[in-house]
Amino acid sequence: MKQTIPNVLAIALRDFFADYLPRLRGMSPHTVLSYRDTFALLLRFVAMTKSRPAYTLDLEDLGPSEVLAFLNHLEIGRHNAASTRNVRLAGLHAFFRYVASHYPDRLAHSQQVLGIPFKRSPTRQIEYFTFEEMGALLSGIDRSSKRGQRDYALLAVMFNTGARVQELLDLRPRDLRLTKPFQVRLFGKGRKERLCPVWPQTACLMRELCTANQLDMQSDTPVFANYRGEPLTRFGVRYILTKHLVRARTGAPTLTNKRLHPHSVRHSTAVHLLKSGVDLCTISHWLGHASLNTTNKYAKIDMEMKREAIARAKTLGAVKKKSAHWHRNTVLEWLEAL
């Protein structure tokens, strides 16, 4: 059997994933895995359309026309949203920027792929739990069982800290401070570390959970695990939230028409802090936002705050206006005098 010699694509992919992303760029494992999934999908798609084995593909087989066809396949064939399409394209752009800098003879080819623009996607209204709805969600959890104790603590910590799902799943006992001042250490995007204070009630829940699971408080064992003792996954968190949402809708009918997911709890934390009078800069640091512009969106989404703002504002009826003398002025003259 003839041995296959690695081509430019194979060598570039190996160096990109094995050295460039983790060592030179310091990308997180989650980013590397996201890029890996992108190329797994792309190579399978191109191999299928060209009726060739994936291992025979070279860089010339991944031109702008193939990439555009792949992106269309994501939206039409796999029913992905434009935002998902853009995430996949970001991974491809990162790879072809690497190719352009390390293979100058492929610069023109790389520029053609890099010229493919991101697609604008509609901005949806941010959905979140009100404080009352969050209370209904938590009160519906049966805490007498071990799973119920875990679910209650999971959602309570998520609401208290506003942590991203992965930040919560990466939580280890050594990241918890369950004596005053109560706080948890979270590792966010870009491996940024931040300390987040927690309420005494939340600290008590975490202490009870760690005791029930016999966790060493200096260990690297995940705090939240499934029934097999394995680390809980993002899909597991979504399943837990969906399960308890079904029960909560009985006591809180306003939850029925909302599109809620684990990240909605993070939005709920931000809105609750904002309504409690916490300034946007503090909320930004609390949530681990890289820019204050990201936090500003929460000032736009709460209708109750908007109603309070309009109630405090002076209405048009309170403005004394001069009477119009129609018999002396023309309409245009009257408008110009306003």
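The structure holds 19 salt bridges, and a few of them are worth a walk-through. Keep in mind that this is a predicted model. The protein has 15 helices and three strands, and of its 338 residues, 41% are buried. Below, we start with the overall picture, then go through the charged pairs, and finish with an arginine that goes without a salt bridge.

**Overall picture**

- Among contacts with a separation of 6 or more, 64% are between residues 24 or more positions apart.
- The accessible surface comes to about 20400 Å², and carbon and sulfur atoms account for 56% of that.

**The sheet**

- The three strands make an open sheet, ordered 1-2-3, with antiparallel pairing.
- Strand 1 and strand 3 sit at the edges, each pairing on one side only.
- Strand 2 and strand 3 run antiparallel and are joined by five bridges.
- Across from E193 in strand 3 you'll find F187.
- As a general reminder, strands of a sheet pair through backbone hydrogen bonds, either parallel or antiparallel.

**E75 and R85: helix to helix**

- These two side chains meet in a salt bridge, at 3.3 Å from N to O.
- E75 belongs to helix 3 (residues 64–76) and R85 to helix 4 (residues 82–102), so the salt bridge ties together parts that are 10 residues apart in sequence.
- Both ends are tucked away: E75 is buried, and so is R85.

**E167 and R194: helix to strand**

- E167 and R194 form a salt bridge too, with their closest N and O atoms 2.9 Å apart.
- This one links distant parts of the chain, as E167 is in helix 8 (residues 165–169) and R194 is in strand 3 (residues 193–197), 27 residues apart.
- E167 has a relative accessible area of 3%, so it counts as buried, the cut-off being under 20%.
- R194, at 10% relative accessibility, falls under that same 20% cut-off and so is buried as well.

**D175 and R185: loop to strand**

- Here the closest N and O atoms of the salt bridge are 3.3 Å apart.
- D175 sits in the loop between helix 8 and strand 1 (176–177), while R185 is in strand 2 (residues 183–187), so the pair ties together parts that are 10 residues apart in sequence.
- The two ends get separate burial labels: D175 is buried at 4% relative accessibility, whereas R185 is partly exposed at 25%.
- The pair also belongs to a network of salt bridges that links R174, D175, R185, E193 and D220.
- E193 ties this network back to the sheet, as the residue in strand 3 that stands opposite F187.

**R266: buried, with no salt bridge**

- R266 is found in helix 11 (residues 262–275).
- R266 is buried yet has no salt bridge, and the nearest side chain of opposite charge is E167, 4.5 Å away.
- Why doesn't R266 have a salt bridge with E167? A salt bridge needs the nitrogen within 4 Å of a carboxyl oxygen, so a distance of 4.5 Å misses the cut-off.
- What R266 does have is a polar contact of 3.4 Å between its side chain and that of H289.
- Beyond its neighbours within four places in sequence, R266 is in contact with G162, A163, R164, E167, R194, L287 and H289.
- That list includes E167 and R194, the two partners of the 2.9 Å salt bridge described above.

Notes. Residues are numbered from 1 along each chain as its sequence is written. This is a predicted model: local features need pLDDT of at least 70, side-chain atom pairs count only at pLDDT 80 or more; totals for chains, interfaces and linings use all residues. Side-chain values use heavy atoms; hydrogens and water are left out. Helices (H or I, at least four residues) and strands (E, at least two) are DSSP runs, numbered from the N terminus. Buried means under 20% relative accessible area, exposed over 50%, partly exposed in between (1.4 Å probe, protein chains only). Contact means heavy atoms within 4.5 Å. Accessible areas come from the Shrake-Rupley method with a 1.4 Å probe; for residues, only the protein chains shown count as cover. Lys and Arg count as positive and Asp and Glu as negative; His and the chain ends are not counted. A polar contact is a pair of N or O atoms within 3.5 Å; within protein, one must be able to donate a hydrogen and the other to accept it, and residues adjacent in sequence count only if both atoms are side-chain atoms. Two strands pair if DSSP finds at least two bridges between them.
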